[in-house]
Amino acid sequence: ASGANAIITSSADLNSDAASSTAALTLNASGANSSVVLNGAIGNTFAIGSLNASASNITLNSGLVKSNANQSYTGNVTLGLNTVLQSSGANATIAVANSINSDSGANRTLNISATGAGSSVSLGGAVGATNVLSQVDVTAGAIALNGGTLNVTGNQTFTGAVTLGAGTTLTAANVTTTAHST
């Protein structure tokens with residue numbers, strides 16, 4: 001979709017037609033005030049191959065995005081529910097380029113899991129800087145925290161080798177990392 005206020009909205013669950021699908025889903029809304037709004041779960045029955053969502057604002061009201069390969073979010077992400085981003089397979093990557101915040105209604109939890117040899121998660125923007133999250137759990141072989149701020153009221157747990165970008169501040173009741181974090 002294109003135009004200054006382009007909007008792409010998914011109101012129902014989206015699934016692949018098979019458990020081992022490689023089918024990609026690309027949602028690209030261009031424009032200064034563009035939006036991608038996912039109201040239904042993605043891959044809750046059969047995981048999709050990959051997801052690429054790009055817009056000024058991305059709203060996840062579904063609670064689950066599950067893929068067999070990469071997930072990429074380019075735009076400010078708002079969590080309308082407690083959310084799970086899950087990717088599996090060799091070199092599975094979940095990359096969020098911009099900020100992640102709870103909606104204004106409540107503090108949300110975020111669980112990001114990229115599993116498989118060579119898996120990674122990259123958080124490129126501040127997390128919980130505008131509307132705080134209640135908890136963040138990240139699992140991957142490599143985890144890059146490059147957004148400067150992770151702000152939650154509860155716990156932050158990182159399972160995998162964590163690399164902090166310059167000037168990173170972690171604010172939480174407890175922060176737990178595994179070995180090999182830098």
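How many salt bridges does the structure hold? Just one. A few notes on that and on the strands, bearing in mind that this is a predicted model.

1. The salt bridge. The two partners are Asp 103 and Arg 108, whose side chains meet at 3.0 Å, N to O. Side chains of opposite charge can pair when their charged atoms come close. As for their surroundings, Arg 108 is buried, at 16% relative accessible area, while Asp 103 comes out as partly exposed at 22%. The cut-off for buried is under 20%, so Arg 108 with its 16% falls inside it and Asp 103 with its 22% does not.

2. Strand β3 and its neighbours. Have a look at residues 35-38, which make up β3. This strand is joined to β1 (residues 7-10) by four bridges, with the two running parallel. β3 also pairs with β4 (residues 50-60), again in the parallel sense and over four bridges. Val 37 is a handy residue to follow across: its bridge partner in β1 is Thr 9, and its bridge partner in β4 is Thr 59.

3. Burial of β3. Both faces of this strand are covered. Ser 35 and Val 37 sit on one side, Val 36 and Leu 38 on the other, and all four are buried.

4. A backbone angle to check by eye. Asn 91 lies in the loop between β7 (83-88) and β8 (93-96). Its phi is near 60 degrees, a positive value in a residue that is not glycine. For context, most residues other than glycine have a negative phi.

Definitions and conventions. Residues numbered from 1 in each chain as written. Predicted model: local features only at pLDDT ≥ 70, side-chain atom pairs only at ≥ 80, totals over all residues. Heavy atoms only, no water. Buried < 20%, exposed > 50% of the residue type's maximum accessible area, 1.4 Å probe, protein only. Pairing = 2+ DSSP bridges. Salt bridge = Lys/Arg side-chain N within 4 Å of Asp/Glu carboxyl O.
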